[in-house]
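Here is a friendly walk around a protein chain for someone who has not met it before. Have a look at the sequence and the model, then read on.

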Amino acid sequence: MRIDVLSIFPSYFDGLTLSLLGKAQATGLLDLKVRDLREWTSDRHRTVDDTPYGGGAGMVMKPEPWGLALDELAATSSDEPPTIIFPSPAGEVFTQKTARQLSTRQHLIFGCGRYEGIDERVFEYAAALGEVRLVSLGDYVLNGGEVATMAMIEAIGRLIPGVVGNPESLVEESHEDGLLEYPSYTKPSVWRERAVPDVLLSGNHAVIASWRHEQQLERTRRRRPDLLPDEEPTER
Ligand code: SAM
């Protein structure tokens with residue numbers, strides 16, 4: 001998979017060279033490039049923002065650098081048009097389902113907003129170059145799109161076949177089947193007077209599987225009843 005990121009703070013993404021995504025880049029499973037949006041400015045100050053039409057607080061990102069950057073990146077998309085993702089608190093909420101969908105794309109472009117956001121015409125323009133998605137990490141406001149983009153790249157990247165060593169560990173995780181994951185334990189079997197549930201030491205895989213499913217249901221009902229639309233919400 002190819003991922004291009006446009007940001008005025010490319011150093012944010014240095015951490016993505018670590019761990020599994022770092023390895024995915026080293027082995028060629030992931031081609032990740034982070035570009036400074038200011039590369040596509042032409043004035044002495046490399047300006048990317050200006051005051052908002054109609055007045056109001058803060059600055060807005062100018063459309064010109066975005067247009068030039070997106071033209072260049074989309075022109076080098078190979079077989080299919082890119083999917084262009086703009087992190088935004090006003091977008092659809094990013095979920096595991098979104099991550100699954102996006103993990104099947106060949107080329108993703110992330111456009112990280114700053115200030116009060118990006119001139120609205122950029123989204124319309126980008127729609128002529130590929131599929132545009134405005135995606136929110138959650139119902140709160142960050143200073144910029146970088147942290148949201150990193151979270152999305154990590155969630156998407158680990159779904160690329162081969163990135164996570166044991167694919168079974170992806171299937172059993174929270175949100176994959178609409179439920180939260182069951183509790184996990186490791187050695188020692190007793191720690192600070194807290195014992196691991198006996199069932200996990202029984203060696204009976206069918207009983208363990210059934211116990212884990214019960215735990216998933218119980219935990220989801222208690223912590224995230226909204227994930228169980230057909231059930232009556234239970235008290236926390
Ligand atoms: N004025 C914008 C609004 O009220 O919708 C918020 C702008 S925010 C300060 C600057 C940038 O941070 C946004 O353009 C977006 O890229 C990013 N951002 C902020 N909150 C986000 C969230 N919850 N999810 C994804 N991106 C977010």
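The report below goes from the overall build to ring pairs, salt bridges and pockets.

## The chain as a whole

First things first: this is a predicted model. The chain has 236 residues, and 39% of them count as buried. If you trace the C-alpha atoms along the principal axes, the chain spans about 70 × 45 × 35 Å.

As for secondary structure, you'll find seven helices and nine strands. There's plenty of long-range contact here, too: among contacts with a separation of 6 or more, 74% are between residues 24 or more positions apart.

## Rings that pair up

How many aromatic pairs does the structure hold? The count is three. One of them is made by F9 and Y12, which sit edge-to-face, with 6.3 Å centre to centre and 65 degrees between the planes. F9 has a relative accessible area of 39%, so it counts as partly exposed. Y12 is also partly exposed, because its relative accessibility is 38%, and the cut-off for buried is under 20%.

Now for another pair, F86 and F123. Their ring centres are 4.8 Å apart and their planes lie at 75 degrees, so this pair is edge-to-face as well. It's a link between distant parts of the chain: F86 belongs to strand β5 (residues 83-93) and F123 to helix α4 (residues 121-126), with their positions 37 residues apart. Are these two residues buried or exposed? Both F86 and F123 are buried. They also have company, as ring pairs tie W66, F86 and F123 together in a cluster.

## Salt bridges across the chain

Charged side chains do some linking of their own, with 14 salt bridges in the count. Take R35 and E72, whose side chains meet at 3.5 Å, N to O. R35 is in strand β2 (residues 31-36) and E72 in helix α2 (residues 63-75), so to speak a long-distance match at 37 residues apart. R35 has 21% relative accessibility and therefore counts as partly exposed. E72 falls in the partly exposed class too, because its relative accessible area is 38%.

Next come R133 and E92, a salt bridge with an N to O distance of 2.6 Å. This one joins strand β7, home of R133, to strand β5, home of E92, across 41 residues. Which partner is buried and which is partly exposed? R133 is buried, because its relative accessibility is 11%, while E92 at 34% is partly exposed.

A further salt bridge brings E176 and R100 together at 3.1 Å, N to O. E176 lies in the loop between α6 (168-171) and β8 (190-191), R100 lies in helix α3 (residues 96-102), and the two are 76 residues apart. E176 is partly exposed at 22% relative accessible area, and R100 is partly exposed at 34% relative accessibility. Some salt bridges share partners, and in that way E92, R105, E131 and R133 are joined into one network.

## The largest pocket

What about open space? The largest pocket holds about 500 Å³. It is lined by 25 residues, and the closest to the pocket's centre are P87, S88, P89, E116 and G117.

Strand β5 turns up again here: it gives the largest share of the lining, five residues. Both β5 and β7 (131-136) supply at least two lining residues each. Sorted by class, the lining has 14 nonpolar, eight polar and three charged residues.

## The second largest pocket

The second largest pocket has about 260 Å³ of space. Which residues line the second largest pocket? They are T95, Q96, K97, H175, G178, R224 and L227. By class, that makes one nonpolar, four polar and two charged residues.

## Where threads meet

If you'd like one element to keep an eye on, try strand β5. F86 in β5 pairs with a ring in helix α4, E92 in β5 is linked to R133 in strand β7, and β5 supplies five residues of the lining of the largest pocket.

Conventions: Residues are numbered from 1 along each chain as its sequence is written. This is a predicted model: local features need pLDDT of at least 70, side-chain atom pairs count only at pLDDT 80 or more; totals for chains, interfaces and linings use all residues. Side-chain values use heavy atoms; hydrogens and water are left out. Rings of Phe, Tyr and Trp (its six-membered ring) pair if their centres lie within 6.5 Å; planes under 30 degrees apart count as stacked, over 60 as edge-to-face and the rest as tilted. Buried means under 20% relative accessible area, exposed over 50%, partly exposed in between (1.4 Å probe, protein chains only). Helices (H or I, at least four residues) and strands (E, at least two) are DSSP runs, numbered from the N terminus. On a 1 Å grid over the protein atoms alone, a cavity is a set of points where a 1.4 Å probe fits but cannot get out, and a pocket is an open set with protein on both sides within 12 Å along at least five of seven lines; lining residues have an atom within 4 Å of a point. Grid points are joined across faces, edges and corners, and a volume is the space filled by probe spheres set on the points. Ala, Val, Leu, Ile, Met, Phe, Trp, Tyr, Cys and Pro count as nonpolar, Asp, Glu, Lys and Arg as charged, and the others, Gly among them, as polar. A salt bridge is a side-chain nitrogen of Lys or Arg within 4 Å of a carboxyl oxygen of Asp or Glu. Contact means heavy atoms within 4.5 Å.
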